[in-house]
Amino acid sequence: MENTNSNMHKNDNSYVLSALSYLSIFFAPVILPLFVWILADEPTSGHGKKALGNHIMTWISFCVGRGIFIFSKGVFDKPFDHQLLIFVIALIIAIVFFLIALILYILNINRGIKILLKK
């Protein structure tokens, strides 16, 4: 199995395409990495696959965090026992998921820049 870091790409376009797979989180989060994974040659398609996984996990974390945050706000609509406790726990879980999404977002940017700098 070939090490993708040591002899990474055959030409400059592969570097750019690999970096764009990660940096597409700004403009085409799932679509571009999917196309790169399906259509590009190795090791560029490997970067597309990793970027696709990162983008999907970022969106899932963000949506789960947002759903839990909406649930925590909805707790106050119906009075019941331990309402404040459930609100605080849901808010903490939402913040954790938002932080996971932010870390994955920054990780994508970091990987894209690292690939461009290896050029």
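## A tour of the four helices

The crossing of helix α2 and helix α3 is left-handed. Please keep in mind from the outset that the model on display is predicted.

**First stop: α2 against α3.** Select residues 31-39 for α2 and residues 44-74 for α3. The two helices pack at an angle of about 150°, and their axes lie 7 Å apart. An angle over 145° counts as roughly antiparallel, and α2 and α3 are therefore roughly antiparallel to each other. To view the contact itself, display the side chains of Pro33, Leu34, Val36 and Trp37 on α2. On the α3 side, add Thr44, Ser45, Gly48, Lys49, Ala51, Leu52 and His55. Sorted by class, the contact of α2 with α3 comprises six nonpolar, four polar and one charged residues.

**Second stop: Ile31.** Remain on helix α2 and select Ile31, which lies in that helix. Is Ile31 buried or exposed? Its relative accessibility is 53%, so Ile31 counts as exposed. A distance may be drawn from here to Leu52: the C-alpha atoms of Ile31 and Leu52 are separated by 8.3 Å, although the two residues stand 21 residues apart along the chain. Leu52 has already appeared on this tour, as one of the α3 residues in the contact with α2.

**Third stop: the loop before α3.** Select Pro43, which is placed in the loop between α2 and α3. What kind of peptide bond joins Glu42 and Pro43? The bond is cis, with an omega of about -5°. For comparison, most peptide bonds are trans.

**Fourth stop: α3 against α4.** Keep α3 selected and add helix α4, residues 83-118. The axes of these helices come within 8 Å and cross at roughly 160°. That angle makes α3 roughly antiparallel to α4. The residues of this contact divide into 21 nonpolar, eight polar and two charged. The crossing of α3 and α4 is left-handed, and the crossing of α2 and α3 is left-handed as well.

**Fifth stop: Leu91.** Within helix α4, select Leu91. At a relative accessibility of 25%, Leu91 counts as partly exposed. Which residues does Leu91 touch, once those up to four places away in sequence are set aside? They are Phe69 and Ser72. Arg66 may be added to the view: its C-alpha atom is separated by 9.9 Å from that of Leu91, and the two are 25 residues apart along the chain.

**Sixth stop: the nonpolar core.** Clear the selection, then show the side chains of Tyr15, Ala19, Tyr22, Ala51 and Ile115. These five residues make up the largest nonpolar core. Which helix supplies the largest share of this core? Helix α1, residues 12-23, supplies three residues. Ala51 also belongs to the contact between α2 and α3 seen at the first stop. In soluble globular proteins, nonpolar side chains tend to be buried together.

**Last stop: the whole chain.** Finally, display the chain in full. The chain has four helices and zero strands, and along the sequence it follows the pattern α-α-α-α. Of its 119 residues, 30% are buried. Considering the contacts with a separation of 6 or more, 68% are accounted for by residues 24 or more positions apart.

Key. Residues are numbered from 1 along each chain as its sequence is written. This is a predicted model: local features need pLDDT of at least 70, side-chain atom pairs count only at pLDDT 80 or more; totals for chains, interfaces and linings use all residues. Side-chain values use heavy atoms; hydrogens and water are left out. Axes are lines fitted to C-alpha atoms, for helices over the stretch in contact, and angles run from 0 to 180 degrees between N-to-C directions. Angles under 35 degrees count as roughly parallel, over 145 as roughly antiparallel, 65 to 115 as roughly perpendicular and the rest as oblique. A crossing is left-handed if the near helix is turned anticlockwise from the far one by less than a right angle, and right-handed if clockwise. Ala, Val, Leu, Ile, Met, Phe, Trp, Tyr, Cys and Pro count as nonpolar, Asp, Glu, Lys and Arg as charged, and the others, Gly among them, as polar. Contact means heavy atoms within 4.5 Å. A nonpolar core is a set of buried Ala, Val, Leu, Ile, Met, Phe, Trp, Tyr and Cys residues joined through side-chain atoms within 4.5 Å. Buried means under 20% relative accessible area, exposed over 50%, partly exposed in between (1.4 Å probe, protein chains only).
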